[in-house]
Amino acid sequence: MSVRAEEQARVVDGGVGELVLMWGGFPLLGAGLGAALTAVSGWLADLPWVPFQGWFELLAGLPERQALAGGTALPALAGLLVAYVGTRERLTVTVDRTAVRLHRDGHGRDIARASVACVFVDGKALVLLDSDGAELAREKSDLSRERLRTAFTAQGWPWQEDDPHRDAYRRWVEGLPGLPAGADALLRARQRAVDARRGDDARDLRRELARLGVVVRDEDGRQYWRLVRLPLHPEESGDGL
């Protein structure tokens with residue numbers, strides 16, 4: 001690439017070390033835990049309050065070598081499953097002068113620099129806002145705030161240390177006035193999704209609220225909201241176009 005190094009895209013992700021930890025550490029941890037439980041499976045099988053009684057009884061009745069193989073194989077496979085899910089959920093952020101690409105779970109989306117008014121980290125979420133204060137993206141991850149700051153500022157993006165609209169948020173209470181029509185019902189449904197840890201539903205409902213001009217952030221299981229100015233409809237613009 002015939003550009004200066006400082007103009008090249010900056011990539012922020014968990015790195016190779018994170019992959020090694022997930023694909024090596026989780027299966028080994030599972031196998032080690034399985035081996036430890038197998039060693040005391042006979043004792044655990046005699047405790048009526050211990051879950052998976054049938055499994056421990058089966059292990060206790062097998063020859064030692066077979067019990068160890070079976071007792072470590074399943075937890076190791078569970079560790080591989082956790083690693084697979086964790087790998088798909090990794091967020092990769094690629095920043096250049098004109099756009100940022102947010103890639104997760106096999107899908108990527110590009111956001112143009114021209115549409116972004118500020119970038120910041122809210123808790124564990126990377127947030128991009130437009131000039132009206134509406135969220136263009138809110139992506140949770142374990143990526144380093146410092147690495148994200150360096151990547152965005154090196155490419156000339158408007159980084160903020162905190163949410164510039166933080167003081168505008170109000171805690172959601174059912175029936176509280178000031179919300180657009182339909183928003184209260186969506187927030188009520190979203191609170192149920194948050195309480196039940198249904199992340200996909202909570203994200204979908206966040207998008208529905210955004211269409212009404214409502215921005216939502218979560219804190220300790222509670223929802224806080226603020227309003228943004230929606231784009232004018234043609235009939236509101238005064239020129240009839």
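Reader: Why is histidine 165 called partly exposed?

Author: Histidine 165 has a relative accessible area of 28%, and partly exposed is the class between buried, which is under 20%, and exposed, which is over 50%, with a 1.4 Å probe and protein chains only; the value falls between the two limits, so histidine 165 counts as partly exposed. As background, this is a predicted model, in which local features need pLDDT of at least 70, side-chain atom pairs count only at pLDDT 80 or more, and totals for chains, interfaces and linings use all residues. Residues are numbered from 1 along each chain as its sequence is written, while side-chain values use heavy atoms and leave out hydrogens and water.

Reader: Where is histidine 165 found, and what is histidine 165 in contact with?

Author: Histidine 165 is in the loop between α5 and β8 (170-171), the helices (H or I, at least four residues) and strands (E, at least two) being DSSP runs that are numbered from the N terminus. Leaving aside neighbours within four places in sequence, histidine 165 is in contact, meaning heavy atoms within 4.5 Å, with Leu129, Gly133 and Arg226. Histidine 165 and glycine 133 are 32 residues apart along the chain, yet 7.5 Å separates their C-alpha atoms.

Reader: How many helices and strands does the chain have, and what share of the residues counts as buried?

Author: The chain has seven helices and ten strands, and 33% of its 241 residues count as buried. Among contacts with a separation of 6 or more, 55% join residues that are 24 or more positions apart.

Reader: What makes the pair of arginine 138 and aspartate 122 a salt bridge?

Author: The closest N and O atoms of arginine 138 and aspartate 122 are 3.1 Å apart, and a salt bridge asks for a side-chain nitrogen of Lys or Arg within 4 Å of a carboxyl oxygen of Asp or Glu, so this pair meets the rule. Arginine 138 lies in strand β7 (residues 135-140) and aspartate 122 in strand β5, so the pair ties together parts that are 16 residues apart in sequence. Both of these residues are buried, and both belong to a network of salt bridges that also includes Arg217 and Glu219. By this rule, the count of salt bridges comes to 21.

Reader: Why is arginine 217 called buried, and what makes glutamate 219 partly exposed?

Author: Arginine 217 has 6% relative accessibility and therefore counts as buried, whereas glutamate 219, at 30%, counts as partly exposed. The side chains of these two residues meet in a salt bridge, with 3.0 Å from N to O.

Reader: Which residues form the nonpolar patch on the surface, and what lets tryptophan 55 belong to such a patch?

Author: The patch is formed by Trp23, Phe52, Trp55, Leu58, Leu62, Leu74, Leu77 and Leu80, which together have about 770 Å² of accessible area, a value from the Shrake-Rupley method with a 1.4 Å probe, where only the protein chains shown count as cover for residues. α3 (53-61) and α4 (64-89) are the elements that give two or more residues to the patch, and α4 supplies the largest share, three residues. Tryptophan 55 lies in helix α3 and is at 31% relative accessibility; patches take residues with over 30% relative accessible area and no salt bridge, joining like charges within 9 Å and nonpolar side chains (Val, Leu, Ile, Met, Phe, Trp, Tyr) within 5 Å, so the value of tryptophan 55 passes the area limit.

Reader: Which residues touch the most other members of the largest nonpolar core?

Author: They are Val93, Val100, Leu126, Leu128, Leu148 and Phe152, out of 19 residues in this core, a nonpolar core being a set of buried Ala, Val, Leu, Ile, Met, Phe, Trp, Tyr and Cys residues joined through side-chain atoms within 4.5 Å. The elements that each supply at least two residues of this core are β2 (92-95), β3 (99-104), β5 (118-122), β6 (125-129) and α5 (145-154), and the largest share, three residues, comes from α5. A second, separate core has eight residues, including Leu179 and Val214.

Reader: Why do β8 and β9 (214-219) count as edges of their sheet?

Author: Three strands form an open, antiparallel sheet in the order β8-β10-β9, where strands pair if DSSP finds at least two bridges between them. β8 and β9 each have a single partner strand, so one side of each is left without a neighbour in the sheet. The pairing of β8 with β10 (residues 222-227) runs over two bridges, so it meets that minimum.
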